[in-house]
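Please walk through this structure with the text beside the model, taking the helices, the loops and the aromatic residues in turn.

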Amino acid sequence: MAGPGMTAKDRGRRAMIALVSTVVLALGLTFVLPVDAVLWIKAFHVVAVISWMAGMLYLPRLFVYHCGVAVGSETSETFKVMEAKLLEYIINPAMIVTWVLGLWLAWTMYGFRGGWLHGKLVLVLALSAVHGRFSAAVRDFAEDRNTKSHRYWRAMNEVPTVLMIAIVILVIVKPF
């Protein structure tokens, strides 16, 4: 469902470029601005998280609306393009950058120690699993194989929100 001629190999190559660029940026900041690197990486991490969450909150809304249109209709085909592009160009890269920079921060700042950090990682893994479910749904909709109702997608729309709230509380409050 990507652009014309976009193969799995092309998508993989693009993902690898995003990953390598993020790692190079993190390492470059560490060496060029060692004192400020953590602040820059935190800032880019937060931007990536916001981008990831924006997509994770919008995509299931598209699914809700997609359920209400006829299979094969022009509107259905438009939703397919919107869903695929949102996933490929925003959600996937944002998730990769979030993970790479988040792991760098967890290692550099906290040495992977702290109950709150372990809880956060579990919740981010859960959010990543929801991301995987949404990715599968994009494929299902693209192949006109969606079997879920608009009510299911309305409920699924709340899952990223609940996870995000719990993650933010763990990061800010550090209750344990």
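Over the ring of which residue does the charged end of lysine 174 sit? In this predicted model, the ring is that of tryptophan 116, and the charged end of lysine 174 lies 4.5 Å from its centre. A second lysine is placed in a comparable way for inspection: lysine 148 lies over the face of tyrosine 152, at 5.1 Å from the ring centre.

Tyrosine 152 leads on to the aromatic residues. A search of the whole structure finds eight aromatic pairs. One of them joins tyrosine 152 to tryptophan 153 in an edge-to-face arrangement, with the ring centres 4.8 Å apart and an angle of 80° between the planes. The two partners can be set side by side in terms of accessibility: tyrosine 152 is partly exposed, with a relative accessible area of 27%, whereas tryptophan 153 has a relative accessibility of 0% and therefore counts as buried. Both residues also belong to a cluster, linked by ring pairs, that takes in Phe63, Phe134 and Phe141 as well.

The helices can be followed from α1, which comprises the 25 residues 8-32. At 1.5 Å a residue, this helix should span 36 Å, and because its end C-alpha atoms are 35 Å apart, the model agrees with that expectation. Within α1, Thr22, Ala26 and Leu29 are buried, and the elements that cover the buried residues of this helix include α2 (37-67) and α3 (74-110).

Further along the chain, helix α4 covers residues 115-142 and contains serine 135. Is serine 135 buried or exposed? Its relative accessible area is 11%, and because the limit for a buried residue is under 20%, serine 135 counts as buried. Leaving aside residues up to four places away in sequence, serine 135 touches Leu87 and Asn92.

The loops on either side of α4 deserve a look at their backbone angles. Phenylalanine 112, in the loop between α3 and α4, has a positive phi of about 55° although it is not a glycine. Aspartate 144, in the loop between α4 and α5 (150-173), likewise has a positive phi of about 55° without being a glycine. As for accessibility, phenylalanine 112 is partly exposed, with a relative accessible area of 34%, and aspartate 144 is also partly exposed, with a value of 37%.

Note on methods:
Residues numbered from 1 in each chain as written. Predicted model: local features only at pLDDT ≥ 70, side-chain atom pairs only at ≥ 80, totals over all residues. Heavy atoms only, no water. Helix = DSSP H or I, 4+ residues; strand = E, 2+ residues; numbered from the N terminus. Buried < 20%, exposed > 50% of the residue type's maximum accessible area, 1.4 Å probe, protein only. Contact = heavy atoms within 4.5 Å. Expected span 1.5 Å × (residues − 1). Phe/Tyr/Trp six-rings, centres within 6.5 Å; stacked < 30°, edge-to-face > 60°. Lys NZ or Arg CZ within 6 Å of the ring centre and 35° of its normal.
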